[in-house]
Number of protein chains: 2
Amino acid sequence: MQDLNAVQSLAVWAVLVVSLLGIGYAFFIRSQILAQDTGTPKMREVWGFIKTGANAYLSQQFRTISILIVILTFVLAASVFIIPPTTEAVERFGSEEAATLWVAIGRAVAFLMGSLFSYAVGYVGMNVAVEGNVRVAAASRKGYNPALQVAYKSGSVTGMLTVGLGLLGGTLIFMVFGIAAPDALLGFGFGGSLIALFMRVGGGIYTKAADVGADLVGKVEAGIPEDDPRNAAVIADLVGDNVGDCAGMAADVFESFEVTLVSALILGLVLGDAVVGTIGDGAYDLRFIIFPLVLRAIGVVASVIGNLFVTTDERKRNAMAAMNRGFYIAAGLAIAASAAATPIFMVDEATGIVDWRPFFATLSGVVLAVVLDKLTEYFTSTHFSPVKETSKASQTGSATNILSGLALGMESSVWAILVISASIFTSVLIYSGEPAATQFTAILYGVSLTGIGMLLLTGNTISMDSFGPISDNANGIGEMAGLDKNARNVMDDLDAVGNTTKAVTKGIAIGSAVIAAVALYGSYFTDVNKVLQQMIAKGEQGIELLSSINVAAPTVFIGLLIGGAVPFLFSSLTIRAVSRAAAQIVNEVRRQFRIPGLMEGKVQPDYARAVQISTTAAQKELISLGLIAVLVPIIVGFTLGVEALGGFLAGIILTGQLMAVFQANAGGAWDNAKKYIEEGNFGGKHSEPHKAAVVGDTVGDPLKDTAGPALNPMIKVINLVALIIAPIVVTIKPGSPGVIVAMILCVAALIWAIWQSKRESETLKEIAQAPASAD
Amino acid sequence: MQDLNAVQSLAVWAVLVVSLLGIGYAFFIRSQILAQDTGTPKMREVWGFIKTGANAYLSQQFRTISILIVILTFVLAASVFIIPPTTEAVERFGSEEAATLWVAIGRAVAFLMGSLFSYAVGYVGMNVAVEGNVRVAAASRKGYNPALQVAYKSGSVTGMLTVGLGLLGGTLIFMVFGIAAPDALLGFGFGGSLIALFMRVGGGIYTKAADVGADLVGKVEAGIPEDDPRNAAVIADLVGDNVGDCAGMAADVFESFEVTLVSALILGLVLGDAVVGTIGDGAYDLRFIIFPLVLRAIGVVASVIGNLFVTTDERKRNAMAAMNRGFYIAAGLAIAASAAATPIFMVDEATGIVDWRPFFATLSGVVLAVVLDKLTEYFTSTHFSPVKETSKASQTGSATNILSGLALGMESSVWAILVISASIFTSVLIYSGEPAATQFTAILYGVSLTGIGMLLLTGNTISMDSFGPISDNANGIGEMAGLDKNARNVMDDLDAVGNTTKAVTKGIAIGSAVIAAVALYGSYFTDVNKVLQQMIAKGEQGIELLSSINVAAPTVFIGLLIGGAVPFLFSSLTIRAVSRAAAQIVNEVRRQFRIPGLMEGKVQPDYARAVQISTTAAQKELISLGLIAVLVPIIVGFTLGVEALGGFLAGIILTGQLMAVFQANAGGAWDNAKKYIEEGNFGGKHSEPHKAAVVGDTVGDPLKDTAGPALNPMIKVINLVALIIAPIVVTIKPGSPGVIVAMILCVAALIWAIWQSKRESETLKEIAQAPASAD
């Protein structure tokens, strides 16, 4: 870190300490939660089922994906040897050989680190949620605030771990690699995103297969309540909340948190190179890198302080107000501290002029998060006209309810994309005075800071988000263990608040994913040109810089078309996986209902079989969907070239965003349209409109919790793969026999992956035919 | 036409004659149909209701949109005066003043002509369908072949009129304007597309509001058969088939037919300019223009001949085989004739070398049409696994049926876009040997020929398509008029075949729309640079040619995002309009069911009120959706600039294609999943799976017949608006006070249009509250 001044060096160490403190704080709260009461033996019994199911799922998942992770680690390390090292790496490590070796090791280790951190966040998040569930249920017997405390703090463990590990990884890589950090950061981001994709896909399929199956056969067919212990799928459903909503969401946000930092550092380095002397002269202004790290550290500290204010008293019983108070205090602190940090870290040493633009870009991210919040709330909350309209449409049956939700979801994606466009445009305006040579990079640097701003309060966001499934599960345990009415009332209320916080934070997750993807997209263009420049400098013939990604060129347009199709393919495959698995759950539960004595409550259902079906169904998709995400950019890049790959990325970001918001909000609206009817409107519970709304809710489940959320990490995995292969694409001759053979193999693998995802699972068929243990 | 040689001059006249012959042939068959028997008085009574409703709708529609058409005609003429005339126009008409005046008049007249032709195709198509319906029903009493003849020939009237008028317009404009034709052709295309948009939106809302409403309350609630005379919405439903499927589809395909020709002529002129001497020297090689005209004429003649072979005998009773025979004979003839025409029209006069590439591009269009056919069939026919899977999913309820259809629709859009990408890539390969300077234009010229190839047999395609709603309506008249079993069997069979032909031709309509849009998109880039070049030639300062549409640039990326959102907005608004109107129909029919004596068949329902509701609901959306299509590109262009407008167009084509196919195929699959169950699978009619499948079918109705098809003309209206305003965007200074004021007005108008579309119709409320005439 030869280019750092004293303040900057100190800051980097301070950031490292903050990240460790964040992690330490997470484990401190965790121990507090573990010390709480776990309630009655009956509660512990139910909890035991959930715990076993959840742990079994995640360790099974770990085994499934670990092979792929090991293979990719070696591939990543090996791929470095194909291309010459960057000038930065050579400068950092002395010689070409040393640079190649270090980058190979660095990228592989960073990839492993990113994967493990992402997995750890998901695993611990799920684990603490499972531990928290039963303790929230137990605490609800004592009162409202005790229950709120346990639920929110359980979420905070995940929140603080997310920000702590995210910051730790980025800082460590920067400390070791210095100006060569981007080489390793790509690996870090890729690892995190890939695991997040697995967590989202697997968790999403698991939770919704169980949920849809349980609802279809329990609520719709048999007319028994949700979480009724006679329903064999109910434990799988509760497990699903943990593996999908907690583990999946945590890994997903961790990944966005990471990737915004990765793109800020990559773009900050380019900018830092450009503003001092000429590009590639070895002189850097590192403030563009230090500032994002400092912002992140500020966010961590602000979140910790804000979380302390999340408390309510027994008279008010207002969990939403408590959480909002914590959030707004944290936001105020973070903004003030960022403003204070700007004159220290964003000052030009030579002239003494303070550059306020990065601060404003960050601030616009905070604003964007709030606006997306409100937008999501407008389209998915029972208090506004869209959801009311969908409820009203249920009066004429489930078809009109579905149509209304589809229309609402599509419309909401239009407004969301306009808000995101406006925030990118804000960055364009902020940097409109920048000289032409660096304007492009500066604007995208601004976009990445907007992403950092959106996720500044990730600690709070994740706490609020995890609060949802934890209260939901607590309520389920309460129902199954037959808790008294007072306790149930407390949990019902917390559950309702949890539904709101969950929906609202989903808007931020999707928005930040797109902003992160746009920033990454900027890095793509910059990165490709860096490699090309280096090749030209070495005297290679016939090489031109990439002046643009011209969608008017036919091959680039083809790239755009193919890219745009990928989110449709992903959504199709995940929805199909859920509905296939749900149908199997339905058959299983129906079968168990016929067991004599079960409906009378004398015989306990075989919960494990439903858990097994969900687990198997989720596992089956992991490898194939992971392969699709990795293979498609490789095929497009090596077949159509580096510019078409750029068009491809643009297509994926565009439809990925549209489809993610469409599916998330349509699903959220159907869910709440049903709730609105249950509140006594249009005939209330058990009326015909209610039955119609239940259909909509069921359709929405995989859309909002599987297909939609899986698109966030998918977009970034594909972006990162593109970034990693781009230097190889420009180096290797297109159409050479080796490339053609490799492409044929890739296409074959891709077809296999799609076929594998679409076909029925053999294992599931075996489960269905095996003699049942409960018979 | 100073640059035409003798053969070419002769060919242009021959093309003109062929187009007139096509129109004449259409009216000849029409008179044949009108001479047929109209059946029993009861049949004529039902037919009278349909006729009145259909005519009332189209004349109401004509009044609603005629104001907008008149305003736009003047705006178009006036807009020409803002920008300097093209060098081609000056060359053609002698002076700048004359050129401006001629182009202004030419564009306005061409716009009016395009609108009127498009309207005429729709109007005559609907009219002959209505006349044909009752005659098919009457002929079905005589036998299978007589009924088939009337049904198919009624469709042929529309088919031949479409190709005749499309060819006539293009040829006339070329004869008058010569090398300045593009200026007027844009107006012609715009008029045709705009009316097609109105026909699709209005007709689509009308037909599906009536259909969904009738089904929901008749089939689902009351359990009475489709087309039961006691259902007050049944006449509106039958009217809807005519205004939506006949008028809408005819106008839509007419527009694609036109636009592919427009883009082929625009690109052909650029190419013809480039291959002779230097660009802008006034020397042209016009064979690139003559060839598409000749191809079109060949298609018209081939269609006429093919149609003669559509006949079956009473033993075989195979309508599908008869229509396929006609199609394949026409295809064979057309391909052979195109091959024969190539050495005559695509020969380089100087060297004598024949250029076979345009022929291959055309051939690839014919292949594309067949592949898209098969693809649509695979995803929407009961003979393949996707629809069977959706039927199977109905066993676990409507939610899983819906999910399965959604997944299937999304997947089908992926394959469709891959097929289209492959056909664009074919053009890239065909023109890979072209010199770099003209390669880009040549590839896009190839794409436009692919579009012409796809629509070569439009005469047959439309005949087959219209056959669907005509048999459907005949069947409805048969049901309502109580025809005997033999006749009903004939019509049932024709109806089933009609469903297949309708679905299959929809694939061609969407595919050709995208190909046409891609070709137009190519013209956009070419056109903008032509204007810029002219400005540079005039010595204007600070102007640079547009080297690319660079999606990596932030503003262009914003354009892409906004463009991608537009199809979601359109789909959302149209779906909502349908479900709102359907709910009103449901209430109306429910009310009428309560009228004493109605359910016993003693009292006739008030059919007119349901017709009135559908008509009003459809009319309400026309102006607002038309405004959105016209305003959004204007706002994007003048706010973000001409390059961002290019990104915007790319976004719209991408998601427009994906959403169009997704919605069309999901809808088609739900429809046939229901039919598959009705054939006796999974419990057959009236089983629980069947009820679940009916929900899916109802959801699919507005998706496949309103929202999806409306996207085809919408994509092209927006593309043509962009092409028309592009020269103004580059001429006018951005950020000038006049532009800012204009933009504020445009945004206000846009917001009004969206609000207007979303709100409930006051007129409909009045209808609902008015005392009913039948009470």
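What follows is a walk through chain A, from its overall build to its contact with chain B and then to a few individual residues. Keep in mind that this is a predicted model.

Let's start with the fold as a whole. Chain A has 21 helices and 0 strands, and its C-alpha trace spans about 80 × 60 × 45 Å along the principal axes. For a chain of 775 residues, a compact globule would have a radius of gyration near 28 Å, so the 26 Å of chain A agrees with that expectation. As for burial, 66% of the 775 residues count as buried. The contacts reach a long way along the sequence, too: take those between residues at least 6 apart, and 85% of them join residues at least 24 apart.

Helix α16 offers a good example of such a long-range meeting. A:Ala577 sits in this helix, and it counts as buried because 28 other C-beta atoms lie within 10 Å, where 20 would be enough. Look at A:Lys758 as well: it is 181 residues away from A:Ala577 along the chain, yet their C-alpha atoms are separated by 7.6 Å. If you set aside the neighbours within four places in sequence, A:Ala577 is in contact with A:Ile205, A:Ala617, A:Glu621 and A:Ser757.

Now turn to the partner chain. Here 65 residues of chain A are in contact with 65 residues of chain B. On the chain A side, the helices that each supply at least two residues are α6 (181-222), α12 (398-430), α15 (485-537), α16 (554-593), α18 and α19. Sorted by class, that side has 43 nonpolar, 20 polar and 2 charged residues.

Finally, two loops deserve a look for their backbone. Most residues other than glycine have a negative phi. A:Arg317 and A:Phe682 go the other way: phi is near 50° in A:Arg317, and near 50° in A:Phe682. You'll find A:Arg317 in the loop between α8 (287-308) and α9 (319-345), while A:Phe682 belongs to the loop between α18 (642-678) and α19 (688-731).

Are these two residues buried or exposed? A:Arg317 has 17 C-beta neighbours inside 10 Å, so it counts as partly exposed. A:Phe682 has 20 other C-beta atoms within 10 Å; the cut-off for buried is 20 or more, so A:Phe682 is buried.

Note on methods. Residues numbered from 1 in each chain as written. Chains lettered and ligands numbered in written order. Predicted model: local features only at pLDDT ≥ 70, side-chain atom pairs only at ≥ 80, totals over all residues. Helix = DSSP H or I, 4+ residues; strand = E, 2+ residues; numbered from the N terminus. Buried ≥ 20, exposed ≤ 12 C-beta atoms within 10 Å, placed from the backbone. Contact = placed C-beta atoms within 7 Å. Nonpolar A, V, L, I, M, F, W, Y, C, P; charged D, E, K, R; others polar. Rg over C-alpha atoms; globule rule 2.2 N^0.38 Å.
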